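Here is a friendly briefing to read alongside the model. Keep the viewer open and follow the topics in whatever order suits you.

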Amino acid sequence: MALPELGQEARRSTEARLDEAAGLAEAIGVVVAEKLSFRVRAPKAATLFGSGQVENMAEAARQAEAELIIVDAPITPIQQRNLETATKAKVIDRTGLILEIFGERAATAEGRLQVELAHLDYQAGRLVRSWTHLERQRGGFGFLGGPGETQIEADRRLIRDRMAKLRKELDQVTRTRALHRARRQRAPWPVIALVGYTNAGKSTLFNRLTNADVMAENLLFATLDPTMREIAVPGFDKAILSDTVGFISELPTQLVAAFRATLEEVISADIIVHVRDISHPDSDAQREDVEQVLKEIGAGEAAGQAMLEAWNKIDLLSPDDAESIRAEAERKEDVIPISALSGEGMDALIRTAAEQLRENNRVRTITLPASAGEAIAWLHANGEVVDQRSEGLETEYEVRLSDADWARFQTHHLSV
């Protein structure tokens with residue numbers, strides 16, 4: 001495993017970056033024999049690394065009898081080919097590794113569509129072939145083909161055709177999700193979306209709050225396919241909790257694009273709960289990475305969404321550090337220290353979420369004539385009609401509406 005230090009990740013230590021890359025490799029059963037870091041002052045167009053660094057890499061691969069070298073950075077097809085020639089080993093970059101993980105983990109038809117689209121987009125400018133080194137180590141799972149299978153022989157036109165077909169199928173997924181969201185809004189039940197860096201503990205928190213059994217392991221990208229369950233929230237009939245794919249630094253753009261339909265659940269959520277592993281030494285850098293991805297997809301505080309931070313894994317801290325974190329959280333707004341494993345902070349998290357939902361969804365008093373059928377239908381479709389009283393030809397409605405929906409109602413139905 002090779003890490004080029006290019007200066008763009010100064011927020012993280014070299015050791016932390018190597019450990020994360022090793023964790024990604026181990027997530028799909030790759031045995032990490034050696035971890036190396038090289039300072040690259042002037043990236044080489046042919047190999048990224050300098051000639052001496054490539055020789056060191058090749059020698060380390062020979063000594064460890066390594067069949068695979070993972071470069072924890074993007075590399076071009078030419079750099080990949082030249083590094084493979086020099087090291088006599090298969091070489092993949094960070095994007096290829098993450099795509100491989102997603103290919104193994106995607107459990108639903110939608111997830112596999114998204115991963116295949118991202119993979120084809122990535123491979124469009126590369127040699128398209130099976131990565132049989134991974135199958136030999138862990139048995140394969142069918143996404144990239146197993147040992148002995150015929151190598152994929154598809155030109156770019158065929159890849160483009162396949163990508164167009166996948167995009168059409170994913171468009172249908174997007175429309176279906178939009179219909180489901182519209183039904184939920186008509187109910188209307190607020191949606192709380194869990195987001196966070198991969199392995200921050202989102203699925204463990206989801207299971208704790210919903211008594212579900214979503215896969216929750218100490219693995220990077222344990223959850224890919226979104227899961228939604230009902231939860232009880234004080235002051236509301238019920239709410240929908242959504243568990244989403246974990247984010248990571250330098251998340252491949254192909255995956256952000258391919259998983260946009262899934263991430264739309266985050267975009268449309270009433271509250272986003274950002275789950276942070278507060279015990280991780282790079283917790284602050286991970287927070288910045290998550291906020292960057294939210295910004296890219298048009299979600300989060302920049303989009304006007306309510307947000308909470310759940311500082312998770314407080315149980316892993318020493319008693320003194322845990323007390324310090326609790327004191328810091330008290331000084332901040334909308335920050336709750338929790339342990340999804342032990343249950344600490346669960347009541348406070350739900351109570352704070354309920355307060356935010358009530359603040360964002362206020363009860364408005366609206367008087368309408370019986371003839372305002374379109375406006376009345378709109379209120380029932382987009383708000384929660386808490387009470388109504390009729391007097392003569394007019395009816396007074398008590399309706400719970402978000403600030404955004406209230407503004408839309410005023411614009412389209414009260415201004416006429």
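What follows is a short tour of sheets, cores and a few individual residues.

The model is predicted. Two open sheets come up below: one has 6 strands with mixed pairing, and another has 3 strands with antiparallel pairing. A parallel strand pair that belongs to a β-α-β unit, two nonpolar cores and some residues with particular backbone or record details round out the picture.

**The six-stranded sheet**

- The strand order of this open sheet is β6-β7-β5-β8-β9-β10.
- At its edges stand β6 (227-231) and β10 (335-337); each has a single partner strand, so one side of each is left without a neighbour in the sheet.
- On average, neighbouring strands here are turned by 25 degrees against each other, direction ignored.
- Inside the sheet, β8 (residues 271-277) and β9 (residues 306-312) run parallel and are joined by 7 bridges.
- For a specific pair to look at, find Asp277, which stands opposite Asn312 in β9.
- Helix α11 lies across β5, β8 and β9, and its direction is at about 150 degrees to β8.

**The three-stranded sheet and its helices**

- This open sheet follows the order β11-β13-β12, and its pairing is antiparallel.
- β11 (361-369) and β12 (384-391) are the edge strands, each with a single partner, so one side of each has no neighbour in the sheet.
- The average turn between neighbouring strands is 20 degrees, direction ignored.
- β12 and β13 (residues 394-402) run antiparallel, with 7 bridges between them.
- Within that pairing, Ser390 has Thr395 of β13 as its bridge partner.
- Helix α13 (residues 346-360) packs on the sheet and touches β11 and β13, its direction making about 30 degrees with that of β11.
- Helix α14 (residues 373-382) lies across β11, β12 and β13, and runs at about 35 degrees to β13.

**Glu394, a residue of β13**

- Glu394 is found in strand β13, and counts as partly exposed at 44% relative accessibility.
- Its C-alpha atom is separated by 5.6 Å from that of Leu368, although the two residues are 26 apart along the chain.
- Leaving aside neighbours within four places in sequence, Glu394 is in contact with Thr367, Leu368, Pro369 and Arg389.

**The β3-α3-β4 unit**

- β3, helix α3 (residues 77-87) and β4 make a right-handed β-α-β unit.
- β3 (residues 68-71) and β4 run parallel, joined by 4 bridges, and Leu68 stands opposite Lys90 in β4.
- In a regular strand, side chains alternate between the two faces of the sheet.
- Strand β4 (residues 90-93) is covered on both faces: Lys90 and Ile92 are buried on one side, and Val91 and Asp93 are buried on the other.
- Lys88 lies in the loop between α3 and β4, where it counts as exposed at 70% relative accessibility.
- The phi angle of Lys88 is near 60 degrees, a positive value in a residue other than glycine.

**Nonpolar cores**

- The largest nonpolar core has 41 residues, of which Ile70, Leu97, Val195, Phe247, Val266, Ile272 and Leu294 touch the most other members.
- Elements that each supply at least two residues of this core include α1 (14-26), β3, α5 (109-123), β5 (191-196) and α11 (283-296).
- Which helix gives the most to this core? That is α4, with 5 residues.
- Beyond neighbours within four places in sequence, Val266 is in contact with Ala193, Val195, Thr244, Ile272, Leu294, Ala299 and Gln305.
- Another core, of 25 residues, lies apart from it; among its members are Ile192, Ile271, Leu308 and Ala353.

**Binding-site record and a loop residue**

- An unreviewed UniProt entry places the feature "binding site" at Ser203 and Thr223.
- Ser203 sits in helix α8 (residues 202-210).
- Is Ser203 buried or exposed? With a relative accessible area of 8%, Ser203 is buried, because buried means under 20%.
- Asn199 is found in the loop between β5 and α8, and has a positive phi of about 70 degrees although it is not a glycine.
- With a relative accessible area of 23%, Asn199 is partly exposed.

Conventions. Residues numbered from 1 in each chain as written. Predicted model: local features only at pLDDT ≥ 70, side-chain atom pairs only at ≥ 80, totals over all residues. Heavy atoms only, no water. Pairing = 2+ DSSP bridges. Axes fitted to C-alpha atoms, helices over the stretch in contact; angles between N-to-C directions. Contact = heavy atoms within 4.5 Å. Buried < 20%, exposed > 50% of the residue type's maximum accessible area, 1.4 Å probe, protein only. Right-handed = clockwise from strand over helix to strand, strands pointing away. Core = buried A, V, L, I, M, F, W, Y, C linked by side-chain atoms within 4.5 Å. UniProt positions renumbered as here; feature names shortened; annotations may be inferred.
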